[in-house]
Amino acid sequence: MAPTIIDNCEFECATVEATTTTTTSAITIGYSDHFDSSAIGSSGDNFEESNELHLKGQQDQDVQEEEQQQKQQQMPWEAPGKQGLYDPQNEHEACGVGFIVAIDGKRSHKILRDAQTLSERMNHRGACACDNDTGDGAGVLASIPHGLYSKALAKQGVTLPELGDYATGIFYLDEAQHAAAENEFDDLAKSLGLEVIAWRTVPSNQSAIGVVARKSEPLSRQVFVRRPAGSDEKTFERQVFVLRKRASHELIKPGRRFYICSLSDRTVVYKGLFTSDQLWDYYTDLKDPEFETYLALVHTRFSTNTFPSWERAHPLRVLAHNGEINTLRGNVNLMKAREGVMQSDLFGDQLKKLYPVVEPNLSDSGSFDCVLEFLTMASDRSLPESVMTMVPEAWQNDKTMPQEKRDFYQWAACVMEPWDGPALISFTDGRYIGAVLDRNGLRPSRFYVTKENVLVMASEVGVYDVDPSQVTLKSRLKPGRMLLVDTKEKKLIQDIELKAKIAKSRPHSEWLQQKITLDEIRNANVLNTPPVDELAKLPASQRGIFDPRLSLFGYSTETVNMLLIPMFKNKKEALGSMGNDAPLACLSNFQPIPYEYFKQLFAQVTNPPIDPFREKVVMSMQCPLGPEANLLQPSAQQVHRIWLTNPILSIPDTQLLKRNTHRGWRTKVLDITFQYNEGVQGYIDAIDRVCREGYAAAQAGYQLLVISDRGAGIDGKVAVSALLALGALHHHLIETLQRMKVGIVVETAEAREVHHICVLLGYGADAICPYLAFELAQALRDDGVIAPEVNDKQIYAAYAQAIDTGIAKVMAKMGISTLQSYKSAQIFEAVGLGSDLVAKCFRGTQSRIGGVTLEILAKEGLQRYQLTYGKATPDSRILRNPGQYHWRHGGEAHINEPSSIGSLQEAAVNKNLDAFEAFKKTTLDSVKKCALRGQLEFVTDRQSIDISEVEPASEIVKRFATGAMSFGSISLEAHQTLSITMNRIGGKSNTGEGGEDSDRYLNQDPNNSRRSAIKQVASGRFGVTASYLANADDLQIKMAQGAKPGEGGELPGYKVTKDIAKTRKSVPGVGLISPPPHHDIYSIEDLAELIYDLKCSNPNARISVKLVSEVGVGVVASGVAKGKAEHIVISGHDGGTGASSWTGIKNAGLPWELGVAETHQVLVLNNLRSR
């Protein structure tokens, strides 16, 4: 394996033959008082306070025993559960999807045969497991072939009723328990007034499938359920839905296989763990000429893992999906919360038996399918309207959209947040069949209509042969648009006509008159109540930079000068560059606030980030605030919410909302402060009290809750972290089904940076008032730091604009375009937070190494109070500067600190060995203080091996590679010196994404060769020519950049010199941008295609893919290995030369240690490590 590149934080995993097993005994771990080492295994020095870490030894033992039991109990059809750093929740999938439909609803066998062609030609869209013969899943959904089934049942002596008078579906059961499961299902049907006519075993050909698929093959049984006499079609459809939903909840038992592919009176699904050509050989029904259908929806799956799952293949009950739902966790949480406010005339008391709406352990597609089906069945929405509600167009900034349609979308936004992410969703209920594209149009979809009145839609062109003279219409789906065929009305309905009809179906525009705006509240309260006196101002000696609350809430002079002042002056966040070498929050000695433990997640490979500036038209910060009404009963009630244009509230607006009584609204202020002398227990009790008070207020009919730390610092009071109070309250209200009854506003001095605001929004805040930042700006204006003519309104507006731009960048990294979807979506990973704390305040967030407890955070909050208000020396009146951004003597440690750089220069220039020893010592010390790998210690009690058995240093260095730094980010001299050096020692240098001039690799003197062995290909394709690709040993596809994953690189025009322009094949003086997504890599299949293309351009080169460490990177890497990459680089969050806003540099990405460990574990688990 190639070694680490010291502190350039890239780590390589070459996918060579390896049967590597990690022995934990080889490395043990020490810890500082912030770091719960029990997650990895513990020993080493007990630093101060380490006895308070509550090292959960016993708990961990229990967990391990439990995991052992789970492993023993794992059934052959189950995929591995959570283990090590692998978590099945992080799985992704990408797919090929298509359908063919006779618009007039005429049945024929030809439709099925054409669907087979469609499916087989999308085989390259799927992927194979480690046996190269088991697909990731393929399936077909068709209308019920009545002739075939009545003939099959006649052989069993059963007469099938007329088509439409029965429902059918295929179940996955196991040999051992199928009889019991079928009997229980029959009893459940009887209790619901339905009668099971018969069961049949679906005929199959086992020899058609791969070895892995065979190991987990189910017994496929098909049920037929009779429609009761006198029941109409719609009622029967709902009865069947209730039967399936309840069976899925009630008949699943440990050790029993029970899965219903579909149950419907119109359609039937055949699917499984196949490649798309095996599907048609496995189920012999599909070969029978009597199988006649008027529609067929096909799907072929590319999963990032290789674990067998027949159940996860598509089509699902009403849809087949190609893409990702990025906001899934928030969507599912809020769907659960809605159970507290939903009521249905159709189901009455039965409704509760259909909960949870989203069944546990489903993929994003499975969750979407559950909600779409529920919306259609439990409310009076048609299937297309339900789809429009869940996947709206980008209506907010579209000036050309008809008013009625815009009003429909705004009403729908008050009903449900969008399910956001790049997706092509094809859906059908047997009557309608159609497809919709996400608001960004980030998945392809083409369709033809032929003279035979047949429509063919697919995720690519060339899957269906049709004579051009027979085509009457040829088009593609555009962003946010929908295509629909109504087989009952026998017509194709285009997007404009369809949505106009839905928009006019109810008086949405009239209802919208009832929405509430801040202006309306301001006007109402001017008339209703006398203006409240301005908040008590602090004495002059405690204003501005001398405000004691700054130190109480962890501000530093860097916070004020580097982050806040530029936001107030320039309306945007300040830029930084050259990466982040400060310690992780869990290793810091300076009481970090809880936000610092969270790292933003970002999209890589399986879906693209978007560009928040060039794709601004699809981004929106608008969102409603306040209680949600019953989702199932469309009415004006749903718009009784305050419509905000962005999530930042000014101080006067917050005061207004606290006392607002307009339209009978009431606001409950939850004070999150407590007396300092109550100590750590007081901190914990305050969080529990906030949860109790919030629950009581929601029960009592309050519309708004305001979490406020205004009382902090007054009369000996300390504040709980607003983030902890919010997270605990939000999850408590979700669990008790009260969350949808209230809006939550956070009034806090703690949040000030873009990242802080993002974390609050991600964990449930609806709006935020960062009052201390505003009060500081007003004081700085009075001191002349900010222009004196700036008024308060302009201060609020400038800050709100800076925050909006920052949030848009953070959302865009994950491919999310609307704030409404980002709220509550928890798109973060925690590094160094203990599991009890996560379970209490941030449920569902990954925190893989354990860490600090609530007690430790409480103690640090109390320490900040002590520092601020304790027996203070004059020094402590001045704001601290621990040097989080720039190194300061006696402040935070940094990996690159002056003395070690000085020693390195002395060692290199004068060949001074003592200086090199000093460099080594200070660097290792810095790593220990800053990084996870610094907590590892070598075991010393093992037999050492003789030095003669170790490879000589001259061989080891051949595996070294430099970090990827472009010519442009560093000078040509530096770039060439690195190449010459690496070539002399036999290692490899990397061009970076800036290209390399051809005279550097043609006709080179072997001793002074300036050729870089690794050539990088990034989204900008700078300098990528045929000869550039041909002259490489490794071709590296750069999917993300360590310093700012999910963002694009930028070289401003004044830096683009003649030499740089010549190398990059561009124009001098014109700025260069590599967009955040590879604009030709929207999914894992696209990456597989680029790997193939690069292999064709240089068959001898090794194809490498550079990823950045984040939770789930191992899962992405296994998809990359299935895409035939030969080498994977995992970059850390701290690397990179690129410039970006400080938010991106400090708070995105994870240490490479975690990424490498996860990648290795997941590749081994998938049998892909040897690829």
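Is Leu-737 buried, partly exposed or exposed? In this predicted model, Leu-737 is partly exposed, because its relative accessible area of 28% lies between the cut-offs of 20% and 50%. The residue sits in the loop between H19 and strand S28 (743-747). Its phi is near 60°, a positive value in a residue other than glycine. Most residues other than glycine have a negative phi, and most peptide bonds are trans.

Lys-1124 also departs from that pattern, with a positive phi of about 80° although it is not a glycine. This lysine is placed in the loop between helix H33 (1113-1122) and strand S37 (1127-1131). Lys-1124 is exposed, because its relative accessible area of 56% is over 50%.

Two cis peptide bonds can be described in turn. One joins His-314 and Pro-315, with omega at about -5°. Pro-315 belongs to the loop between strand S10 (295-303) and strand S11 (319-323). Another cis bond runs from Tyr-355 to Pro-356, where omega is near -5°. Pro-356 falls in the loop between helix H8 (328-338) and helix H9 (364-378).

Helix packing comes next. Two packed helices are described by the angle between their axes and the distance between the axes. Helix H18 (residues 679-699) packs against helix H19 (residues 722-735) at an angle of about 40°. Their axes are 9 Å apart. H18 and H19 are therefore oblique to each other. Their crossing is right-handed. From H18, the contact draws on Tyr-683, Ile-687, Val-690, Cys-691, Gly-694 and Tyr-695. From H19, the partners are Leu-724, Ala-728, Leu-729, His-732 and Leu-733. By class, the contact of H18 with H19 has nine nonpolar residues, two polar and no charged.

H33, the helix that precedes the loop of Lys-1124, packs with helix H35 (residues 1152-1165). The two axes come within 8 Å and cross at roughly 50°. H33 and H35 are therefore oblique to each other. This crossing is right-handed. On the H33 side, Val-1113, Gly-1114, Val-1115, Ala-1117, Ser-1118 and Ala-1121 take part. They meet Gly-1155, Glu-1158, Thr-1159, Val-1162 and Leu-1163 of H35. The contact of H33 with H35 divides into six nonpolar, four polar and one charged residues.

Attention now turns to the interior. In soluble globular proteins, nonpolar side chains tend to be buried together. Here the largest nonpolar core has 143 residues. Within this core, Phe-185, Tyr-270, Phe-374 and Leu-455 touch the most other members. Beyond its neighbours within four places in sequence, Phe-374 contacts Phe-241, Met-335, Met-342, Leu-351, Leu-354, Tyr-355, Val-357, Ser-379 and Leu-632. Among these is Tyr-355, the residue whose peptide bond to Pro-356 is cis. A second, separate core of 126 residues includes Ile-672, Ala-686, Cys-691 and Cys-769. Of these members, Cys-691 is also one of the H18 residues that meet H19.

What relative accessible area does Ile-642 have? The value is 0%, so Ile-642 is buried. This isoleucine lies in strand S23 (residues 642-644). Leaving out neighbours within four places in sequence, Ile-642 is in contact with Ile-516, Ile-521, Cys-623, Pro-624, Leu-625, Leu-657, Trp-665 and Leu-704. Ile-642 and Ala-907 are 265 residues apart along the chain, and their C-alpha atoms are separated by 65 Å.

Ser-216 gives another buried site. Its relative accessibility is 1%, so Ser-216 counts as buried. The serine is found in the loop between helix H5 (211-215) and strand S7 (219-226). Ser-216 and Met-75 are 141 residues apart in sequence, yet 8.7 Å apart in space, C-alpha to C-alpha.

Helix H20 (residues 754-762) is mostly covered, with nine of its nine residues buried. These are Val-754, His-755, His-756, Ile-757, Cys-758, Val-759, Leu-760, Leu-761 and Gly-762. Just after H20, Gly-764 takes a positive phi of about 115°.

Conventions. Residues are numbered from 1 along each chain as its sequence is written. This is a predicted model: local features need pLDDT of at least 70, side-chain atom pairs count only at pLDDT 80 or more; totals for chains, interfaces and linings use all residues. Side-chain values use heavy atoms; hydrogens and water are left out. Helices (H or I, at least four residues) and strands (E, at least two) are DSSP runs, numbered from the N terminus. Buried means under 20% relative accessible area, exposed over 50%, partly exposed in between (1.4 Å probe, protein chains only). Axes are lines fitted to C-alpha atoms, for helices over the stretch in contact, and angles run from 0 to 180 degrees between N-to-C directions. Angles under 35 degrees count as roughly parallel, over 145 as roughly antiparallel, 65 to 115 as roughly perpendicular and the rest as oblique. A crossing is left-handed if the near helix is turned anticlockwise from the far one by less than a right angle, and right-handed if clockwise. Contact means heavy atoms within 4.5 Å. Ala, Val, Leu, Ile, Met, Phe, Trp, Tyr, Cys and Pro count as nonpolar, Asp, Glu, Lys and Arg as charged, and the others, Gly among them, as polar. A nonpolar core is a set of buried Ala, Val, Leu, Ile, Met, Phe, Trp, Tyr and Cys residues joined through side-chain atoms within 4.5 Å.
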